[in-house]
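User: Please take a close look at the largest pocket and what lines it. Which element gives the most to the lining of the largest pocket?

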Amino acid sequence: MAEVCFDSSAAVVVGAEAEARATARAGRRRRAGVEAAAATGRWKAAGLVEDAVATRKRRVSGGKAGVVVVAKRHGAASVAGRRGEMEDAVSLREAFAAPVAGVEMEVLGVGSRCDFYGVFDGHGCSHVADACRQRMHELVAEEMGAWAAAAHELGSLSSAMERSFARMDAEVIAGRRADSGTCRCEAHKCDHVGSTAVVAVVQERQVVVANCGDSRAVLCRDGAPVPLSSDHKPDRPDELERIEEAGGRVIFWEGARVLGVLAMSRSIGDAYLKPFVCAVPEVTVTDRSDGDECLILASDGLWDVVTNEAACEVAQACLRRGRDRWCAEAAALLIKLALARRSSDDISVVVVDLRRKSSL
């Protein structure tokens, strides 16, 4: 017969008191779980910068590290890919460009209010993308200001954007490494680091988009997608021709790659692949209309698995719900869709409200 031990000193509690104690224990476990989750530091901010009124909300999405940024006019979300190392960076800068003294900006086609949004998809390390997050809006503001003050003598607004990208490229190559706590590459490998850059300057009357790489900008207008950028892939006919004329080659190794290495034909940084990989952006200037709903900027972690049409449908579905923070909901939902479709790359999404009644 098995021996049964009984501790007579242990009190047995039943009834209402037992239920109360069980409830208290459950509450303690929940609180402990929240504190433990906060202490693990699984979430990574991915370099998001927002204005003072914006708030951050953290969500668990597919077990990945991510962050959702909520503000009145925009929403953003980022999530790390399967490698677990976030190399994307996002920049959200409302009213980033100050008016030029003595210059009527609207006469030059530049509205009195300018907001800046950018998505930077790093490769090799995160420090080039981080540098773009920290500096690109400042360079764009300087070049736009100089262009406006010179009353078009410095060329077109597109030229101002091109000069901004050229200065950013020169800075990251000269500086090699930014002061970034996330930088992990060895000093002699800094020439092998780069980043895509898709930025949008949203004005009262126009949307200016500059793109360098395979991140993308899509405008949702009257329920249909309007591409505002074209991906810079090495096998794009004009890019292939440019690379070969410069003396380079496109080698197909798990897809088209410059010299068999880089899967994009333009980027910030990547000094070891110049001049085959250049930092010259393609710029589009689009007049805004009453049918504009939102602007979507995202890294290729989204666009590799989600079409322009599907992205606009998701954004419209969130818009129809009528919530004030629908941009953040759309950004988060797009990331969940990309994860459900097995995207393994880092994913960053920015959604900007372009409706006239949103008081932009």
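Analyst: **Lining of the largest pocket**

β5 gives the most to this lining, with three residues. The model is predicted: local features need pLDDT (predictor's confidence per residue, 0 to 100) of at least 70, side-chain atom pairs need 80 or more, and totals for chains, interfaces and linings use all residues. Residues are numbered from 1 along each chain as its sequence is written, and side-chain values use heavy atoms, without hydrogens or water.

The largest pocket (an open set of 1 Å grid points that fit a 1.4 Å probe, with protein on both sides within 12 Å along at least five of seven lines) holds about 400 Å³ of space. Its lining (residues with an atom within 4 Å of a point) has 21 residues. Closest to the centre of the pocket are His123, Arg257, Leu262, Ala263 and Met264. Two elements give two or more residues to the lining: β5, spanning 114-123, and β12, spanning 256-258. By class, the lining has ten charged residues (Asp, Glu, Lys, Arg), six nonpolar and five polar.

Now the setting. The protein chain has seven helices (DSSP H or I, at least four residues) and 16 strands (E, at least two). Buried residues (under 20% relative accessible area, 1.4 Å probe) make up 50% of its 360 residues.

Then confidence. Mean pLDDT for the protein chain is 80, and 71% of its residues reach 70 or more. Over residues 30-64 the pLDDT is below 50, yet this stretch has 65 contacts (heavy atoms within 4.5 Å) beyond near neighbours in sequence in the model. Residues 1-15 also stay under 50. For residues 1-15 the model has two contacts beyond four places in sequence.

Methods
Points joined across faces, edges and corners; volume = space filled by probe spheres on them.
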